[in-house]
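Visitor: Please walk me through this model and, for each label you use, tell me what it rests on.

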Amino acid sequence: MHKEMKTGFIGGGNMAEAIIKGLLAGGVPAANLTVSEPSEQRRGHLSERYGIRTISDNGELCRQSDLVILAVKPQVFSQALKDVQGSNQLYISIMAGVKCAAIEEVLGAEARVVRVMPNTPALVLEGATAIARGTRATDDDLSITRRIFDLVGTSCVVEEKLLDAVTGVSGSGPAYVLTFIEALSDAGVKHGLTRDVATALAAQTVYGTAKLLLETREHPAVLKSQVASPGGTTIAAMHQLDRDGFRAATINAVDVCVARSMELGKK
Ligand SMILES: NC(=O)c1ccc[n+]([C@@H]2O[C@H](COP(=O)([O-])OP(=O)(O)OC[C@H]3O[C@@H](n4cnc5c(N)ncnc54)[C@H](OP(=O)(O)O)[C@@H]3O)[C@@H](O)[C@H]2O)c1
C-alpha cells in the first residue's frame, strides 16, 4: 500500500487492532488511519493507545477513505454497510464466510472488493493470510492488500473458492496447534515437569520447528528424518503417533472444518 493512502476500518475489534498495529509498525502515519466503531470504550482505547482517529459513522468513514477494511462480524455486515456506497474506494473484507459477491451486492455495481482470511497470530504480527479477488478488484488492489497483510505476517493469493480450504488449514489452524501444545505440555507434566516449564518447552518447540521449516524450505519429511536416528527415541514415538492415527485425525478435522465453512457460507 502507499503510506499516504487514507485507510478506514469498519469495526475496531481484535482483528482490526492487529492490522492497525502492523500498519503503524510498517511506517504508516497514525494520521492516515481512522476507525468507525459503535463502542465508545473501544474508540477511546484505540485513539489513546495508537493515536488514530475514531468516529461512529460508517458512511462518513468511507467517504474519507481510499481503502476500507471491513472488520465487523459477518452477521452485522449488511447493517454496517447500509449507508455506504462503494464507488471509489477499495474494500478489503476480513469477514469469515461472506462472499465477494454478497459484499458487491450491498456496495453496488462499481465496488472493488478483495476478500481475505487472516488468522489470530496476526495479533503478534505472525499471521498467515490468504487473499482472493472480487469481480472488479484490479492487480494493483491485490498488491495493496498483500502489502498490508505482509505487515502482520505473510500472505498468499488464492481463488475465492479455495478460501474454505484456507479456513480449514490456517484460519482455524491455531486452535489445532494449541491443542497439540496443550497435549504435549500435559505429557511433560505426566512425566514430572512443572506446567510452566512443560508449556514453555512445547510452545518453543512448535515455534522453532515452524521457523526451521520456513527458513530451510525443506519438505517436512526431510527435517523429520534428521530428528529420528536409527533405533532411537523419536522413531519409536513416530511409530506410536501413526498407530494412534495422528495424521488421519488431523486430516479428518480439516475435512469437517472445510465442510462447516462451506455450509456457513451458504447461509
Ligand atoms: N478472530 C479471528 O481469528 C478471525 C480470523 C479470520 C477472520 N476473522 C473475521 O474478522 C472479523 C472481526 O473479528 P474480530 O475477532 O476482530 O471481532 P470483534 O473483536 O467482535 O470486532 C468487531 C467489532 O466491530 C464492531 N461493530 C459491530 N457493529 C458495527 C457496526 N455496525 N459498524 C461498525 N462497527 C461495528 C464491534 O463493536 P461492538 O463490540 O460494540 O459490537 C466490534 O468492536 C469477523 O468478521 C471475523 O469473521 C476473525
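Guide: In this predicted model, the C-alpha centres of domain 1 and domain 2 lie 32 Å apart, where domain 1 covers residues 7-162 and domain 2 covers residues 171-266.

Visitor: How do you know which residues of domain 1 and domain 2 are in contact?

Guide: A contact requires heavy atoms within 4.5 Å, and 8 residues of domain 1 are in contact with 4 residues of domain 2. The area buried between the two domains is about 370 Å², with carbon and sulfur atoms giving 58% of it. On the side of domain 1, Gly97, Lys99 and Asn119 supply 55% of the area buried against domain 2, more than any other three residues.

Visitor: What polar pairing is there across the interface of domain 1 and domain 2?

Guide: The rule finds 1 residue pair in polar contact across that interface, both residues being at pLDDT 80 or more, while the count of salt bridges between domain 1 and domain 2 is 0. The residues of domain 1 that touch domain 2 divide into 3 nonpolar, 3 polar and 2 charged.

Visitor: Why is the pair of Asp141 and Arg112 called a salt bridge?

Guide: The label requires a side-chain nitrogen of Lys or Arg within 4 Å of a carboxyl oxygen of Asp or Glu; the closest N and O atoms of Asp141 and Arg112 are 2.8 Å apart, so the pair meets the cut-off. This salt bridge links distant parts of the chain, since Asp141 lies in helix α6 (residues 139-150) and Arg112 in strand β6 (residues 112-117), 29 residues apart.

Visitor: What makes Asp141 buried or exposed, and which label does Arg112 receive?

Guide: Buried means under 20% relative accessible area, and Asp141 has 2%, so Asp141 is buried. Arg112, at 22% relative accessibility, counts as partly exposed, because partly exposed covers the values between under 20% and over 50%.

Visitor: What separates Glu60 and Arg63 along their helix?

Guide: Glu60 and Arg63 are 3 residues apart in helix α3 (residues 58-64), and are therefore separated by about one helical turn. Their closest N and O atoms are 3.3 Å apart, and they form a salt bridge. Glu60 is partly exposed at 29% relative accessible area, whereas Arg63, at 58%, is exposed.

Visitor: Where do Glu263 and Arg260 lie?

Guide: Both lie in helix α12 (residues 246-266), 3 residues apart, which is about one turn of the helix. Their side chains meet in a salt bridge at 2.6 Å, N to O, and the relative accessible area is 42% for Glu263 and 40% for Arg260, so each counts as partly exposed.

Technical notes
Residues numbered from 1 in each chain as written. Predicted model: local features only at pLDDT ≥ 70, side-chain atom pairs only at ≥ 80, totals over all residues. Heavy atoms only, no water. Domains from an automatic or database assignment. Buried area = accessible area lost by both parts, 1.4 Å probe. Polar contact = N/O pair within 3.5 Å; in protein donor to acceptor, adjacent residues only side chain to side chain. Nonpolar A, V, L, I, M, F, W, Y, C, P; charged D, E, K, R; others polar. Helix = DSSP H or I, 4+ residues; strand = E, 2+ residues; numbered from the N terminus. Buried < 20%, exposed > 50% of the residue type's maximum accessible area, 1.4 Å probe, protein only.
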